[in-house]
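Colleague: Please take one part of this model and go through it closely, with its neighbours and whatever else helps to place it. Plain description will do.

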Amino acid sequence: MFTDILLAATPSEVNQWAAQAAFALARKHQARICLLHVCGPPVYGWSDIEYLNPSGELDRVKARIEESCRDQYQETDKLTVEVVAGLPHEEILRFSRKKNIDLIVMGSREKSRPERRPTTWGMTGTTMEMVSQRAHCPVMIVSRPVAKESLTFSNLVMATDFSDQSECALGYAGQLSRHYKAKLFVVHVLDVGSQYERLKVYQEDIEKLIEEAKGRIAREFEPMLRGVNHQLEVWEGVPYVEILKVARREKADLILMAHHAKNKDPEKAFLGSTVAQVAIRSACPTVSVNKHFDVRCAVY
């Protein structure tokens, strides 16, 4: 399933949850895992970065991380720790491509003030946004503790807006469902909260839109989901609220989404607010997918 996992690590409490999830996945799949810590702004100033390696600071940071890993992960033969200097998103992307990583695991961005996380996620320029925007592989966002039994992924929720990127996410969700023999809930939400905020939408109009969306979701997605135990749903409302409702109702272990709203060029789009709101509030991990990616070692 997963063969090479990259844990983008920062010394914060919320990222410990991402570390726990990444280590648990690596143990479950006997995967190699690399813990990457990037020393860069804002902890280190621009003028300091070029001196971090000659001064021995990178080695000292690496030694501290390796010591902390011994308590969390015993399979040291499959664990490597890398500490580099630079811009976090650039180094994460560079390393993931160099090592042919098939899953990047990240925690929440806002470490000092958790109450601000819902408003800071999705802002242009964040590490989370830029990694999700350009990553060649799926990015798992973990913002809360994950029970080990949830990593069996028996119930998956995939949210679609019918964009090309959503089709990539659906393809990946279908592969995961086949591998884990999981049930997949495919959800489309009619955004009547913002799209129609200046238009009075009557009940019969909503029902018509729902029926049209149901026809489209069945027509476009059923052929892609042959052999998958799945259920197609269409709701109206605020997208992230309805997606979270379905996830809670179905006791989802994982939510999968395209990393941004509709846009033809994923590298020019920013992390969509719906993904940000879902990821920060969800009780389970959220996976952002922006390009087609085949599950490795999948057995169908």
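Modeller: Among contacts in the chain between residues at least 6 apart in sequence, 78% join residues at least 24 apart. The model is a predicted one, and the chain contains 10 helices and 10 strands. Of its 300 residues, 53% count as buried. The part I will look at closely is helix α4, residues 88–98.

Burial comes first. The buried residues in α4 are Pro88, His89, Glu91, Ile92, Leu93, Phe95 and Ser96. The elements that cover them include the strands β1 (4–8), β2 (32–39), β3 (79–85) and β4, along with the helix α6.

One of these buried residues carries a charged side chain by class. Glu91 sits in helix α4, and its relative accessible area is 14%. The cut-off for buried is under 20%, so Glu91 counts as buried. Leaving aside residues up to four places away in sequence, Glu91 touches Leu36, Val38, Val84, Ala85 and Gly86. Leu36 and Val38 fall within the residue range of β2, and Val84 and Ala85 within that of β3. Glu91 also lies 9.8 Å from Ala8, C-alpha to C-alpha, although 83 residues separate the two in sequence. Its side chain has a polar partner too: a polar contact of 2.6 Å joins the side chains of Glu91 and Arg94.

Now the packing against α6. Two packed helices are described by the angle between their axes and by the distance between those axes. For α4 and α6 (residues 127–134), the angle is about 30 degrees and the axes are 9 Å apart. Angles under 35 degrees count as roughly parallel, and α4 and α6 are therefore roughly parallel to each other. Their crossing is right-handed. On the α4 side, the residues in contact are Pro88, His89, Ile92, Leu93 and Arg97, and on the α6 side they are Thr127, Met130, Val131 and Arg134. By class, this contact has 5 nonpolar, 2 polar and 2 charged residues. Pro88, His89, Ile92 and Leu93 also appear among the buried residues of α4.

What follows α4? The helix is followed by Asn100, whose phi is positive, near 55 degrees. Most residues other than glycine have a negative phi. Asn100 lies in the loop between α4 and β4 (103–106). With a relative accessible area of 43%, Asn100 is partly exposed. Another residue with a positive phi is Phe162, with a value near 70 degrees. Phe162 belongs to the loop between β6 (155–159) and α7, but it counts as buried, at 10% relative accessibility.

Beyond α4, its neighbour α6 leads on to another site. The residue range of α6 includes Ser132 and Gln133, and the side chain of Asn290 reaches the backbone oxygens of both. The backbone oxygen of Ser132 lies 2.8 Å from a polar atom of the Asn290 side chain, and the backbone oxygen of Gln133 is reached at 2.7 Å. Asn290 is placed in the segment after β10 (286–289), and it is buried, with a relative accessible area of 5%.

For comparison with the α4 and α6 pair, take α9 (residues 239–249) and α10 (residues 273–281). Their axes come within 9 Å and cross at roughly 40 degrees, and α9 and α10 are therefore oblique to each other. This crossing is right-handed. Pro239, Tyr240, Ile243 and Leu244 of α9 make the contact with Thr274, Gln277, Val278 and Arg281 of α10. The residues of that contact divide into 5 nonpolar, 2 polar and 1 charged.

A last buried residue, this time in helix α7 (residues 164–180), is Ser177. Ser177 counts as buried, at 3% relative accessibility. Apart from residues up to four places away in sequence, Ser177 touches Leu156, Ala182, Leu184 and Val228. Ser177 and Phe153 are 24 residues apart in sequence, and their C-alpha atoms are 8.2 Å apart in space.

Notes: Residues are numbered from 1 along each chain as its sequence is written. This is a predicted model: local features need pLDDT of at least 70, side-chain atom pairs count only at pLDDT 80 or more; totals for chains, interfaces and linings use all residues. Side-chain values use heavy atoms; hydrogens and water are left out. Axes are lines fitted to C-alpha atoms, for helices over the stretch in contact, and angles run from 0 to 180 degrees between N-to-C directions. Helices (H or I, at least four residues) and strands (E, at least two) are DSSP runs, numbered from the N terminus. Angles under 35 degrees count as roughly parallel, over 145 as roughly antiparallel, 65 to 115 as roughly perpendicular and the rest as oblique. A crossing is left-handed if the near helix is turned anticlockwise from the far one by less than a right angle, and right-handed if clockwise. Contact means heavy atoms within 4.5 Å. Buried means under 20% relative accessible area, exposed over 50%, partly exposed in between (1.4 Å probe, protein chains only). A polar contact is a pair of N or O atoms within 3.5 Å; within protein, one must be able to donate a hydrogen and the other to accept it, and residues adjacent in sequence count only if both atoms are side-chain atoms.
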